[in-house]
Structure formats: structure tokens, C-alpha cells
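Here's a quick walk through a structure for anyone who'd rather look than scroll through tables. Keep the viewer open as you read.

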Amino acid sequence: MRARARVWDVAVLVLLAVWATPFFWQVRTSFTPDSELLATNRALPASPTTIHYRAVAERSVMPRALGNSLAVASLTTLVALALGLPAAYAIARLPVPGKALLLLVIVASTAFPQIATVSPLYLLMRALGLRDTWTALVMANTSFALPLLIWLLAGFIREVPIEVEEAAFLDGAGRLGVLGRIVVPLVAPGVASAALLTFLASWNEFLFAYTFTATEASRTVPVALALFPGVFEVPWGDIAAASILASLPPIIIVVGLQRWLVHGLVAGALKE
Amino acid sequence: MGRAALVLLALLLLVGCAERRESGGPITLVFKHAKIFGPADPIPGLLREFEAAHPGVTVRSEELTWTSDEQHQFYVINLEGATPTFDVLMLDVIWVPEFAQAGWLLDLSPWVTRQELAPHFPAAVAAATWGDRVWGVPWNMNVGVLYYRADLLAKYGLTPPRTWEALVEQAELIRARERDPKLDGVLWQGKQYEGLVCNVVEQFWASGTALFGDDGRVLPDLERAAGALAFMRGLIDRGVSPGWVTAGDEELTRRAFGDGHAIFLRSWPYAMDLFEQPDSPVRGRVGIAAVPGHVAGAAGVGTTGGFHLAVNRRTRHAEAAVALVRFLGSERGQRALTAAGVALYPTRTALYSDPVAVGAHPNMPRFHDLALTARPRPVTPYYLMISTTVQPEFSAALVRVKTPRVALEHARLRLEHLLAVR
Amino acid sequence: MTARQRADRRAGLAFVAPAVLVLAALALYPGLWVIWLSLQQRIPIFGIARFVGVDHYTFLASDPRMWNAARVTLVFAVVSVTLELILGLAAALALQRQRLGRRLAVSLLLLAWALPSVVTAKLFEWLYHPSAGLVNVLLGGRTLNWLGDPGLALAGLIAADVWRTMPFVALLCYARLLTIPGDVYEAARVDGAGRRAMLTSITLPLLRPVLLIALLFRTLDALRAFDLMFVLTGGGPAGTTETLTVYAYRSLFQTLQLGFGSAIGVVIFTLVRVVAAAYLGVLRRAGATA
């Protein structure tokens, strides 16, 4: 019986590894020299090389793009947290006038297709002279990250027992103090996970970045990858290396967060 | 919380303001240009010469992205914004009216007179002016031509075909006798991009019709145009052209012909220099002819193309920038294009009979004659919009997703809607 | 109202205001502005900004490219979501029975979902390469032109999308399955229920609400999908993978017709809202009867 279970376990792992094959194939490609690229009858390259990674690091815009993505994603997360934490607290605990409508509006704005808001935002950025800047991307990313963040954080804050806050009030703390010194530390794991998800969404964002960035000054990783230069033949090896580099932060976040994703986010959300 | 907000605000303001320091003192001009084909690049030498003649001015040259569409996108995005990150730009001729209308180019009329433009090809001059003002200096001439394997045609006693029907006959005859499975009949650019429009428009002309009538009507003779498209599709169906031409651009088709895998190629003058390279398999075996016509249509006519030099209207160094474009377009500047190994052709007609130039490029007189009879694509600020509107329709007809007739009816529908803006 | 309550109200407004202002400026206002734009002929580079009423919409109503895009979007959404649900459910069920290496299994599963869509596009572009791509190699060395053949491109696109989003469905189902206590299955086994019966009378009914939620989210996402098809095929060849979003984007930023492109954007927006409203209606009714 146990042997059968073990066979099953291995079989599932193998199937899932097969599912992930496209990714592993790209890893393989990134270490394959150009001469072997078009001859794909081997699973692993005969003479693996780091030439593509070096080319990407030294001669492409990827390093700059990685910097841009890091900055934009970090700033977006900071701004979204700064705006979202107080708002989430207010929604969870405070009597906000028109709260029901507010919640509806917040949830509804998550359904806005980016393609519909990109043209007005384009005109807005143009009018503000923010084309090709980090600010434009941070603003655009915040617009779609904020609603989800508020919703998540409100859920976490609601789980904090109200007595803890009551005790702090009795000690004479104001609302802001309670939020900052009592509530936030208690929901810190949830906040951290939500922040990482925001970072992830901003890192992966493509449509706004493609529209608002013009040069390497603000180009983020997805756009740089989409516009990867190929003169005569497409440099598959270099693109593969760039792809792997672009994927490292998201993979680290998602794989690292998986326990929370499974238990915290999904199970919690499903309880609603 | 307040303090944090202030810090955040400061951060945002900081990153929002890109650093734009004025360079006082010596002037640095930025010259944006496309990658130059061919083994030799005349630009660095020319720029150094200009700098020597203009002390205090340095020119930094920056390369554009690869494809014409991406270059256009780059220019649109950058010229629309306020910051002038470049002063002099190399423009595809089809963009000049659009950029002029959009107010992105410096009006060169005060500096460049009609007399100064007289030595250039009339077609090039026409493409550099819009609304009676001069917007660019002609620099590089292009015309659609037919390349053929002179050795193969000679072997079977054939002369270069004047009609597509003759071309098909010749291609099938040669392929049958040569029995080389890797030898294709005729290669052309059928990928969904600007190059496709050039090919289709040439076929329209050869069939006796055009994309726009003289009165501006869209596709005045739809039947003939559909026939032209059907003929192009027929080339693939009959096997005269390989299926991959529907993904073929200039370089893909040039390489295949240059490796000896085709009898005919419709392309641009630049390819000739690459065919004549020492290590080229087809060296000395390539001939040039006019783009064929159709038996029941008209004589063959190639489209014109090329690049002009213009000045960004928002440049901070107008005088220097104008001096640069005039230098590059001058006799001295264009002569550098005729050096051996440079695959660019000048717009000054006199250079085409210059002994030194012809010595380096024996085919120049031939290109000159072909360029004189060539026609431009529609000259209008809306050309890019027109092109991106019809490209998918042409492509749909070629890959058999729509019949040529339906594709052109759709094209007409969309163009009429697009141009109702006028 | 007590002083404390008044203070709370003030605090509530103050806490919520910044976020609401930002959302109003960057999401709500554009959401309304785009409708206004769609009623104009707007070409910024030529400075054209002219009110034309519902001109664009009347054109779209009989525009063959619009209907083609709608068809492609619908086919894409329906086929993609169906495959995701089936495969995601299967993966979740498999994971539920997993004893060893669960962490590794979930990690492998989540790899596909974690990648940026552009990375996935480039990945599959390489996989679909006519001569060197893994897909053709595994098919026995054929040279199918996955992304260039009008008959194959949409299938290739759907495969890439399913690969990318199946883990999300699997994750949702898996999380729900984890909350089912083992005793429920124990009791059923004691009662003599076979595995099939357990699946149909315990697991699936408990999963139904999750599947409906997944169906809703995935359908809305599929209708709005842009990144993958834009980068992988650009809507080609010949519009066989051109969804409504790609059509809108090309109209907006290739032909720079901001008014016309906005009209297509509004159509997409409306479609998404209608579908969401319809689903929520169904969900509510399903919740009522569950």
C-alpha cells in the first residue's frame, strides 16, 4: 500500500516536472552555444556556456531594465502600502460614510481592463510630461495594485481581535498610533505577503510599461525582453538568458510564498 | 505618517524629474540613424570631417532599432514628448509628410533653397517637401528592382523578363531543367510589414491600377487590384515562390538569393553590394532589371524609397544641425556614399555618372535609369496609418485567410473610415 | 454621536481619502474619460480632436475586423478556460493525494504561473520554432510553422495560455481541498464508498463554489488578456490571433487613432462587465441553492 502511494507521489512529481518543461527548456537554451541551438536532438547541450549571460549582462539593456523594474516595483509597493494600509484599516474598523459604496467602487475598479484605461492615462502622462519616467509607471501600477491590496489588508486587519486595540485605546493611544504600533505588527506576515504580491504584479506588468516607456531610461524588464534586438537572426540564446534573469524575482517570490499562497491567501479568500 | 508621506512625495518628484542639464560651451549634436547595411559605414568618417570643419561641434551618432516600424514608433514616442534627445534624424521618406504635419521637423526652407535641391532626383525632392516647404535634405535613394541570376538565364538563352508572366515561364523552365530542389523561382517580401505594401503596390501598378485614384478614391479599380493580389498568391500556389515568402523580409530574401537558392529576387539596390562581396556565392552572376509589368496591364515600375535627413524642431542647436544635414546631403557628403563597400545610393544624379563612383559600383547607371521612372507610394501624412491598415488585409489574402477580393473590400472599408478624418 | 465616534468618523475619512483620491484620479476618471474619448476623432500627433458622436461604434458594428477579433476572443476564452479548469482540477486532485514532496510538487506547478507573461511568450516562441523548436522535435521532426500558419497559431496561443494559468486554478482547488478534513473520506470509506463515489459525492460538490469562482476570474482574465498574444504573435498571422485587446492596442498606438481605439476599449470594458454581472447572477443563484 505504501509502495503504491510512493509510486503515485513520484508519478505526480514527474508529471509536474513535465508540465514545467518549457521553463527548463529555456534554462537549457540559455546555456547552449549558438552552434548547437538549431540542432536540438540532445536534452542537454554538449558544451554548455555562459556566453549568453555575459552578452546579456554586458551588451544589452537588461541590466538597466532590471534596475528600472526593481525601482518601479519597489516604489509601487511602498506607495500602495502607504495608501492602502490606512484605507484598509478604515474599512475594517472605522465608520466610513458610504462604506458600502466605497467597497463596491474599489472592487469594481479591479475589473477595469487595462486596455480601456491606457488611452486616457496616456494622454494624462503626456500632459503631465511624465512620459518615459518611473513616476508614470508607479502611478499606473498603483492604480491596479491598490484595490487588491486594500481588499487583502482589510481581511487581515479584521482578524486582529478588537480587544487588543481596545486595550491600546484605554492607554490613551490615537487611531494612527494603534494602527502603526499595534495592528501592523500583528498582521505583519500578511502585509509582507501582500506587499510581495504587489511587487510581483508590478514586476510582471507589460501593457502600461510598453506604452509609457520610450527609452532605456525607464524601460522595464518585460518591455526590454519584448523588444530584444535581433539583427538578422533572432538571438534565441541571449533571449533565453534574459528571460531567466527576468524570471528570478518572480520565481523566488512565488515559490518562497507558496505556503502562504495556499493557506493564507486562497483559503482565507475562499472563506468569504 | 506625515513624515513618511513627505519622504515618499520627495522620492516621487525626484524620480519624476529626469535630469536635463544644458550643455553650455561646446555643442554636441545627436544624430539618430538606422543601421547601415553593407561592410563599410561612411557615417563616422563624414562626421569627423564635419567636426573638423566646425570646431566646437561634436556629433554623437546613435543607432536606431532594427525594423522600420520600430524606428517609426521610436520617433513618434520621442518627438511627441517635450525633450529633444536628438537633433538630426534619418527619416524614411514615407514619414516626412507625417512628421511635417505633426510639427516635429524644423522647416528648412530658410536655409535650403530649391536650387540647392535641383541636383537630386525629382522623386527624392518631392518626398522632401510638403505643403510647399522643405522639411528634409535628400540623402539616400532607393528603388524597387528585380535581381536575376544572369548565369542561369544565359545558360538557357533567356533575356530578363519584362512581364511577370514571362518571369513565371522562365522560372519554371529553369527549375525543371536544373532539377535543384533548393532552387526557388522568385523571392519577394510577403511578411506583414511595410515591405509587403511596396511589393503589392508595384503589382497594382503593373496591373494598371493603384491604391488611390487620381481623385483620391480608395482602390478605384478593385477587380484589377484583386487580380494583382491573386497573382501574388498564385506565385506561392504554383510553387514559383516558396511558402516562406509570407514571412520573408528584405534580409531573409536577400540571404536566400545570395546563397544561390533563387533565380529571381525583388528587392532594393543595397543588396547588389552584398552580392558582389568577395565571399558571395553569386558574385559576378547577378543582373539587374526593372520590376516586371503584366501582360494585360502596364509596364513594370518600382517604388521609390530612401532616407532623408531632417532636423528636430525642438533642437537647441538649429544652426549647427542644419549645417550638418546640408553637409551630409552635399556633393562631398554624398560622394562618401559611393565609396566601395557602402551599400547606400546617393540622391544626387550627377554622381551616377561619376567615373570614380561607377568604378566602385558598376551598376549605378542602371539604378539611375530605374530610379528616374520609379513612382512613390502615396505621399500623405496619413501614409503610416494607411499602411498599417492595409497590411493585415494584404497578408490575409496571401495566406489564404480571405480571398483577395474580400480582403480588398475590407481594406477599402477601413481606409474610407480612416480617411474620413480629412 | 459621542466625541469618540466623531473622532472615528474623521479618522476614517482621513485614512481612506488618499487611496480614494488616487483611485479616482487613476482608475475611475480614466474609466469615464475613455468613454468621452470614444466619441471623438482624436489623433494627437496632428492635433485633431473632433466630436463625432457614435460614429466609431456604428463603424465597429459592421466592421469585419471587429467581428473577427470578437470571435477570436471568444474562442480563446472558452477553450482556454475549459482546459484550465479540467487540468487544474486534475492537478489539485493529484496533489491532494500527494504524501511526500508536496512542497516540491507545488513549486513545480507554480513555476509556470510565476513567470511574467512576456517571458512565457518568448519561451513558447522558441518552443514553436519551425525547425529547432522542442514541440516540432517531439512531434517527430516535423516542421510545422506554429506561429506562422493561420490554422495553427490560435491553438499554439491557447496552449501557451493554458500552460501559464492552469496552476492558478489548481491552486484554488488545492487550497479548498486542504480544508476538507480527512475524517469525511474516512467515514465514507467505512461506509464502503469507492474512490469514484467519494469524488462525485464529496469532493466535487465541495469544490463547486471554488470552480465557479475560478471560472469567473479566469473568464474575465481571458477576455482582457493582452500580453501573451501581443508578444507571441502580434495578432497574426493575418489576424487569426488578434483578440479585441490587440485590435484596440494597434488602433490606439500603431495608427494613433485614440478615439477609435478607445471605442474598442469601451466595447471590451462593457463586455467584461456584462459577463461579470451574468456570472455573479449565476453564482448568487448557485449559492442560494447550495
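Which residues of β3(B) lie on one side and which on the other, and are they buried or exposed?

## A strand covered on both faces

Bear in mind that this is a predicted model. In β3(B), V88(B), M90(B) and D92(B) sit on one side, while L89(B) and L91(B) sit on the other. Both faces are covered, with all of these residues buried. In a regular strand, side chains alternate between the two faces of the sheet.

The count tells the story here: 5 of the 5 residues of β3(B) are buried, so the strand is largely enclosed by the rest of the structure.

## Who pairs with β3(B)

Pull up strand β1 of chain B, residues 27-33, and you'll find it running parallel to β3 of chain B, residues 88-92, with 2 bridges joining them. Here K32(B) has L89(B) as its bridge partner.

Then there's strand β11 of chain B, residues 304-311, which pairs with β3(B) in the antiparallel sense over 5 bridges. L89(B) turns up again, this time opposite A310(B) in β11(B). As background, strands of a sheet pair through backbone hydrogen bonds, either parallel or antiparallel.

Zoom out and these strands belong to an open sheet of 5 strands in chain B, ordered β2-β1-β3-β11-β6, with mixed pairing. At the edges are β2 (57-63) and β6 (137-143) of chain B, each pairing on one side only. From one strand to the next, the twist averages 20 degrees.

## Two nonpolar cores

Now for the greasy parts. The largest nonpolar core counts 166 residues, and I150(A) and L153(A) have the most contacts inside it. Helix α5 of chain A (residues 62-93) gives the most to this core, with 17 residues. A second, separate core has 127 residues, including L152(B), V240(B), A310(B) and L384(B). That's the A310(B) that stands opposite L89(B).

Want to check I150(A) in the viewer? Leaving aside residues up to four places away in sequence, I150(A) touches G84(A), A87(A), A88(A), I91(A) and I106(A), plus A19(C) from chain C.

## Where chains B and C meet

Chain C puts 16 residues in contact with 18 residues of chain B. Sorted by class, the side of chain C that touches chain B has 9 nonpolar and 7 polar residues, and no charged ones.

Notes: Residues numbered from 1 in each chain as written. Chains lettered and ligands numbered in written order. Predicted model: local features only at pLDDT ≥ 70, side-chain atom pairs only at ≥ 80, totals over all residues. Core = buried A, V, L, I, M, F, W, Y, C linked by C-beta atoms within 7 Å. Buried ≥ 20, exposed ≤ 12 C-beta atoms within 10 Å, placed from the backbone. Helix = DSSP H or I, 4+ residues; strand = E, 2+ residues; numbered from the N terminus. Contact = placed C-beta atoms within 7 Å. Pairing = 2+ DSSP bridges. Axes fitted to C-alpha atoms, helices over the stretch in contact; angles between N-to-C directions. Nonpolar A, V, L, I, M, F, W, Y, C, P; charged D, E, K, R; others polar.
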